[in-house]
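Hi everyone, thanks for making room for me on the agenda. I'd like to walk you through one structure, so let me put it up on the screen.

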Amino acid sequence: MSNRQVIRLVLLAAGVGLLAGISAALTLWLMQQVSHAVWSISDAIWYIPLVTVAGGALIGLTRLHGPSPDLDQQIAEAQDPVHLHRRKALFIALAAIVAVGFGGAIGPEAGLLAVVAEMTAAIAIVLGRSHADQRVIGEAGVSGALSGLFGSPLGGAAYADDKPQAPRALLLLAALCGLLGFLLAGRLLFDGGLHRLALPAYAPAGDGTDLMMAIVPAILGAAVGMAFLFLHPMLKQAIETRAPWPFWQPVIGGAVFGLLAMAFPILRFSGHHEIEPMLAWAGGVGMAALLLLGLLKVLALSICLSTGWLGGAMFPLIFAGAAAGAAALAVIPGMEVSVAIAAGMGAATAAGLGRPIAAVLIMLFIVDPALFGPLCVGALFGYAGGMLAPKPVAH
């Protein structure tokens, strides 16, 4: 490969990554606007199932042309953009925006990837001189979008694909540019930080005691991650067997999820911004109840994903793991709250996603780097627990 070709690919990866990050920020902003418009109408409990059933019906309308792909299938399709079905990607984007905006217990990854897939398909048609060029464009777009969303270039690139066809250096460049584009757009679109979790301040003692203390919350976090691995395929098979109609699946999911959210409104949304409300909720009912809340979040996530509510599992698993990890404070009251939460998050995401390295790399940019040790303990237990459970279903 000539120097000119190398320079061209570098510019392609950087430019596509930057545009992907900007597109991801715009799509996330649109999701937030839909969410605000929908949920600002009423805060009454009875309003929750009305919204979720309506959201399910809107998602069902986008599925009349056929069921939508899961998140891993979306990533694979976006990485080969020229062969992407453009109309299908548009419906996926609309369905994912509705799923997030109408309170689904899922992350925004699906909508962001669908929008970026449309963008990279157009770029690949114009600038892709070969299939290799087109593949670089597609993979760079996915890496840039996920890097921007997660706030982690290494984590976004690792989550996108652990066996990319494009050179890893190009994808890392795209991920860095994607984060830059997301942050630049985010400064104009969003108020406050998007990536960091507001956890209590923590200063490690440096004697390894935090690693020992992290074991119990790591076990609890791994348990909720394993619960997801059992629940998701079980519910997915049940809904496909008993209600095989693409339109009615998300409607049924919206009804069941809405009833669950009536009892526990905190289960709505991805969970990324609900960590502080979760701890406040535990102050009234006791820390032990957080283990139940973590399991209920996994149930809500499984219901949404198995019935066609498009989204990702990363942020809901972070919430579920944080809740389960914090439940350890009921039996170890002297433990640092941040250590318990970090260990639980690391375990739940490593188990539920089956990608422990990507989970740690992503969360290292979400929490204080001083919590790297408890995160790794959690990821280790989560990885071990995931080996005892069914293989993660694509999500």
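Before I start, one bit of vocabulary: when I call a residue buried, I mean that its relative accessible area is under 20%. And please keep in mind that what you're looking at is a predicted model.

With that word in hand, go to helix H13, residues 289–306. Of its 18 residues, 13 are buried, so the rest of the structure largely encloses this helix. The length works out too: at 1.5 Å a residue, H13 should span 26 Å, and its end C-alpha atoms are indeed 26 Å apart. After H13 comes Gly 308, which has a positive phi, near 95 degrees. There's also a charge to point out here: Lys 297 lies over the face of Phe 319, 5.1 Å from the ring centre.

Okay, on to the aromatics. How many aromatic pairs does the structure hold? Seven. Let me show you two of them. In one, Trp 39 and Tyr 47 have ring centres 6.0 Å apart and planes at 90 degrees, so that pair is edge-to-face. Both of these residues, Trp 39 and Tyr 47, are buried. In the other, Phe 182 and Phe 190, the centres are 6.4 Å apart but the planes sit at 25 degrees, so we call this pair stacked. Phe 182 and Phe 190 are buried as well.

Now back to Trp 39, because it belongs to a cluster: ring pairs link Trp 39, Trp 46, Tyr 47 and Phe 269. And Trp 39 has a charged visitor: the charged end of Arg 268 sits over its ring, 4.7 Å from the centre.

So where is Phe 269, the last member of that cluster? You'll find Phe 269 in the loop between H11 and helix H12, which covers 275–285. Phe 269 is partly exposed, at 22% relative accessible area. Its backbone is worth a look as well: phi is positive, about 70 degrees, although Phe 269 is not a glycine.

Last stop, the surface. Which residues make the nonpolar patch of about 410 Å²? Those are Trp 245, Trp 248, Ile 252 and Val 256. Ile 252 is in helix H11, residues 248–263, and is partly exposed, with a relative accessible area of 34%. If you want a way to think about the spacing on a helix: an α-helix has 3.6 residues a turn, so residues three or four places apart point the same way.

That's my tour, happy to take questions.

Conventions. Residues are numbered from 1 along each chain as its sequence is written. This is a predicted model: local features need pLDDT of at least 70, side-chain atom pairs count only at pLDDT 80 or more; totals for chains, interfaces and linings use all residues. Side-chain values use heavy atoms; hydrogens and water are left out. Rings of Phe, Tyr and Trp (its six-membered ring) pair if their centres lie within 6.5 Å; planes under 30 degrees apart count as stacked, over 60 as edge-to-face and the rest as tilted. Buried means under 20% relative accessible area, exposed over 50%, partly exposed in between (1.4 Å probe, protein chains only). A charge sits over a ring if NZ of Lys or CZ of Arg is within 6 Å of the ring centre and within 35 degrees of the ring normal. Helices (H or I, at least four residues) and strands (E, at least two) are DSSP runs, numbered from the N terminus. The expected span of a helix is 1.5 Å times one less than its number of residues. Patches are made of residues with over 30% relative accessible area and no salt bridge: like charges are joined within 9 Å, nonpolar side chains (Val, Leu, Ile, Met, Phe, Trp, Tyr) within 5 Å. Accessible areas come from the Shrake-Rupley method with a 1.4 Å probe; for residues, only the protein chains shown count as cover. A salt bridge is a side-chain nitrogen of Lys or Arg within 4 Å of a carboxyl oxygen of Asp or Glu.
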